[in-house]
Amino acid sequence: DGMKHFFNKQANNFPTGFLPYLLKQCTEKKWPVTFKDNRTGRYRGAENNYEEGLRDYQCDAVDAVLGGELKIGSSLIPWHRGIIKVSTGGGKTVILSRIIQAFNLPTLYLVETKENLYQTQKFIQKWAGGKVGIIGDGIMDIQRVTVGSVRTLHSRKKSLKEYFKSIELLMVDEAHLVADNQ
């Protein structure tokens, strides 16, 4: 029919990013909504003090992601997503590193340039702790948290299909550039 369909009939699901739109449509049409949250990885509260070393506005950004909720009927569900907009030098990578640390999930952090690949890896290792892998610049080192070059990931998307399925937390640096180039 020439349209892009996001509902997967076989799996009976759709990308969760469409949930707020779907809920709005159902509410406007007065359709009843039953919701079952099958997500396995969720933030359940800080086991450590992520605020240490952060500026106030950085803490506010982390809190906004970790404390996000979406209202469905009379219920609230965790809704940890969004866009973090901070001026140059404001510490976006530090903010995202603390979010990675708080969720402690298999994470892919997308970057656009080779310079950002290595810089981001170092920042995340410093602020979130643990070994951080790299996919790009001829390196294929997949870890629980991995920084990946958009170009490399795109060119190897078939061979990385199973890896992509394992990702539970996706972060995109300079998201406006990623959308423009693909």
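A crossing of two helices is called right-handed if the near helix is turned clockwise from the far one by less than a right angle, and left-handed if that turn is anticlockwise. The exercises below concern a predicted model.

**Exercise 1. Survey the protein chain: how many helices and strands does it have, and in what order do the elements run?**

Solution. Begin with the count, which gives seven helices and seven strands for the protein chain. Next, read the elements from the N terminus on, where they follow the order α-α-β-β-α-β-α-β-β-β-α-α-β-α. Then turn to burial, and note that buried residues make up 37% of the 182 residues in the protein chain. Finally, consider the contacts with a separation of 6 or more, of which 56% come from residues 24 or more positions apart.

**Exercise 2. Describe how helix α3 packs against helix α4: at what angle do the axes cross, and which residues make the contact?**

Solution. Two packed helices are described by the angle between their axes and the distance between the axes. For α3 (residues 92-103) and α4 (residues 114-128), the axes come within 9 Å and the crossing is at roughly 55°. The two helices are therefore oblique to each other, and by the definition that opened this text α3 passes α4 in a right-handed crossing. On the side of α3 the contact is made by Thr93, Val94, Ser97, Arg98, Ile100 and Gln101, while α4 contributes Thr120, Phe123, Ile124, Trp127 and Ala128. Sorting these residues by class gives six nonpolar, four polar and one charged.

**Exercise 3. Follow one residue of this contact, Ala128: is Ala128 buried or exposed, and with which residues is Ala128 in contact?**

Solution. First place the residue, which belongs to helix α4. The relative accessible area of Ala128 is 17%, and since the cut-off for buried is under 20%, Ala128 is buried. Once its neighbours within four places in sequence are left aside, Ala128 is in contact with Ser97, Gln101 and Phe123. For Gln101 a separation can be given as well, because although Ala128 and Gln101 are 27 residues apart along the chain, 4.9 Å separates their C-alpha atoms.

**Exercise 4. Carry out the same analysis for helix α2 and α3: at what angle do they pack, and how do the contact residues divide by class?**

Solution. The angle between α2 (residues 56-66) and α3 is about 40°, and their axes are 9 Å apart. It follows that α2 and α3 are oblique to each other, and the crossing in which α2 passes α3 is right-handed. Gln58, Ala61, Val62, Val65 and Leu66 of α2 meet Val94, Ile95, Arg98, Ile99, Ala102 and Phe103 of α3. By class, this contact has nine nonpolar, one polar and one charged residues.

**Exercise 5. Work out the layout of the five-stranded sheet: in what order do the strands lie, and which are the edge strands?**

Solution. The sheet is open, its strands lie in the order β5-β4-β6-β3-β7, and the pairing is mixed. The edge strands are β5 (139-141) and β7, each of which pairs on one side only. On average, neighbouring strands are turned by 25° against each other, with direction ignored. Now take individual pairs: β4 and β6 are parallel and share four bridges, β3 and β6 run parallel with five bridges, and β3 (residues 107-111) and β7 run parallel with four. Leu108 has Thr146 as its bridge partner in β6 and stands opposite Leu170 in β7, while Gly133 also faces Thr146 in β6. Lastly, add the helices: α3 lies across β3, β6 (145-149) and β7, running at about 180° to β7, and α4 touches β3, β4 (132-136), β5 and β6, its direction making about 170° with that of β4.

**Exercise 6. Examine the faces of β6 and β7: which residues of β7 form the covered face, and which the uncovered one?**

Solution. In a regular strand the side chains alternate between the two faces of the sheet. In β7 (residues 169-172), Leu169 and Met171 form the covered face, whereas Leu170 and Val172 form the uncovered one. In β6, by contrast, both faces are covered, with Val145, Val147 and Ser149 buried on one side and Thr146 and Gly148 buried on the other. Five of the five residues of β6 are buried, and so this strand is largely enclosed by the rest of the structure.

Terms used: Residues numbered from 1 in each chain as written. Predicted model: local features only at pLDDT ≥ 70, side-chain atom pairs only at ≥ 80, totals over all residues. Heavy atoms only, no water. Axes fitted to C-alpha atoms, helices over the stretch in contact; angles between N-to-C directions. Parallel < 35°, antiparallel > 145°, perpendicular 65-115°, else oblique. Contact = heavy atoms within 4.5 Å. Nonpolar A, V, L, I, M, F, W, Y, C, P; charged D, E, K, R; others polar. Buried < 20%, exposed > 50% of the residue type's maximum accessible area, 1.4 Å probe, protein only. Pairing = 2+ DSSP bridges.
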